[in-house]
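Please keep the sequence and the three-dimensional view side by side while reading. The paragraphs below begin with a single residue and work outward from there to the chain as a whole.

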Amino acid sequence: SIEDDSERIKVLNCLGGIVGEIAKPQICHDSSRSTVSECANSGTVTSNSDGLLFAGGIVGRSRVGTVSACANSGEVSHFTGNESDQSVERNYSNLGGIAGIIHEGSKIDRCANTGAVTAVCNTSHRLGGIVGDSAASSILASTNGAPVSLSEGRKVSGPCATGGIAGLFGGEKSTVISGCTNSGEVRNISCATGRNVTAGGIIGTFTGGTVRSCMNAAPVSAIN
């Protein structure tokens, strides 16, 4: 759990049930060795920070490497307690049942989430049953069976995206979601202005790449 009530300093918070951050290796290090495999988390992963947040049931942030055959059943959540206060400056947050954010070259393979992913709208959010935000990376043969829900809070100008597998997903042609299944309800009841509210059974906002052989079996709703 991360608490940041004293100064509300805008810092980067990486929070994971198993690993906070898989960092970029040294130049001489083989990045393929950065692997988290066959791990399970059942504890809650929660933050009330106003800083930039990456939170996941297994890994908060993966800058490079692979998360494989891991399972999360603990809730991943973000709630500051002052969501209605328009005077508080905030950064965006990414929350996922397995990882908060995965960067270029990272991969999630054969992972499962059954822990709810929830937040109250107080900033720009990306919420996903597996990954909150995925850029130029891969999510393979993974399943989400828990609700992904963003509920009403303060008005924000940035985008708010919720997805059964990924909140925000995209990148180069090699970027792929394949063989993934969602059975958890997806809800985006946010205060984002304009056309910045998205929700999808697999992906909330899709910016490029390939979605292949995926299935959604749960309701999807969005209210702005």
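In this predicted model, Ser77 is buried, because its relative accessible area of 15% falls under the 20% that marks the limit for burial. The residue is found in strand β10, which covers residues 76-78. Which residues touch Ser77 once its neighbours within four places in sequence are left aside? They are Val45, Thr46 and Ser47, together with Leu95 and Thr118. For one of these, Ser47, the separation along the sequence is 30 residues, whereas the C-alpha atoms of Ser77 and Ser47 are 6.6 Å apart in space.

From this residue one can turn to the chain that surrounds it. The protein chain has 30 strands and zero helices, and buried residues make up 54% of its 224 residues. Among contacts between residues at least 6 apart in sequence, 81% join residues that are at least 24 apart. The accessible surface of the protein chain comes to about 9,300 Å², and carbon and sulfur atoms account for 48% of that area.

The arrangement of the strands can be followed through two of the sheets. One of them is an open sheet of six strands in the order β1-β6-β11-β16-β21-β26, and the pairing in it is parallel. Its edge strands, each of which pairs on one side only, are β1 (12-16) and β26 (197-200). On average, and with direction ignored, neighbouring strands of this sheet are turned by 5 degrees against each other. Within the sheet, strand β11 (residues 93-96) runs parallel to strand β16 (residues 125-128), and four bridges join the two; at one position of this pairing, Ser93 stands opposite His125 in β16.

Ser93 also offers a way back to the edge of that sheet. Asn13 has its place in strand β1, and its C-alpha atom is separated by 9.3 Å from that of Ser93, although the two residues are 80 apart along the chain. Is Asn13 buried or exposed? With a relative accessible area of 9%, Asn13 is buried.

Another open sheet consists of six strands in the order β2-β7-β12-β17-β22-β27, again with parallel pairing. Here the edge strands are β2 (19-22) and β27 (203-206), each pairing on one side only, and neighbouring strands are turned by 10 degrees against each other on average, direction ignored. Strand β12 (residues 99-102) and strand β17 (residues 131-135) pair in the parallel sense over three bridges, with Val131 in β17 as the bridge partner of Ala99.

Parallel pairing also appears among strands with higher numbers. Strand β20 (residues 148-151) pairs with strand β25 (residues 186-189) over three bridges, and the bridge partner of Val148 in β25 is Val186. Strand β25 in turn pairs with strand β30 (residues 220-223) over four bridges, likewise in the parallel sense, and Arg187 stands opposite Ser221 in β30.

The side chains supply further links, and the structure holds two aromatic pairs. Why does the pair of Phe169 and Phe206 count as stacked? The ring centres of Phe169 and Phe206 lie 6.3 Å apart and the ring planes stand at 20 degrees, so the pair meets the requirement of planes under 30 degrees apart. This pair links distant parts of the chain, since Phe169 belongs to strand β22 (residues 166-170) and Phe206 to strand β27, 37 residues apart. Phe169 is buried, with a relative accessible area of 0%, whereas Phe206 is partly exposed, at 42%. Elsewhere, Arg126 lies over the face of Tyr92, at 4.6 Å from the ring centre.

Finally, two loop residues deserve a look at the backbone. Glu38, in the loop between β3 (35-37) and β4 (40-41), has a positive phi of about 55 degrees although it is not a glycine. Arg110, in the loop between β13 (107-109) and β14 (112-113), likewise has a positive phi of about 55 degrees without being a glycine. Glu38 counts as exposed, at 69% relative accessibility, whereas Arg110 is partly exposed, with a relative accessible area of 49%.

Definitions and conventions:
Residues numbered from 1 in each chain as written. Predicted model: local features only at pLDDT ≥ 70, side-chain atom pairs only at ≥ 80, totals over all residues. Heavy atoms only, no water. Pairing = 2+ DSSP bridges. Axes fitted to C-alpha atoms, helices over the stretch in contact; angles between N-to-C directions. Buried < 20%, exposed > 50% of the residue type's maximum accessible area, 1.4 Å probe, protein only. Contact = heavy atoms within 4.5 Å. Areas by Shrake-Rupley, 256 points an atom, 1.4 Å probe, with all protein chains shown as cover. Phe/Tyr/Trp six-rings, centres within 6.5 Å; stacked < 30°, edge-to-face > 60°. Lys NZ or Arg CZ within 6 Å of the ring centre and 35° of its normal.
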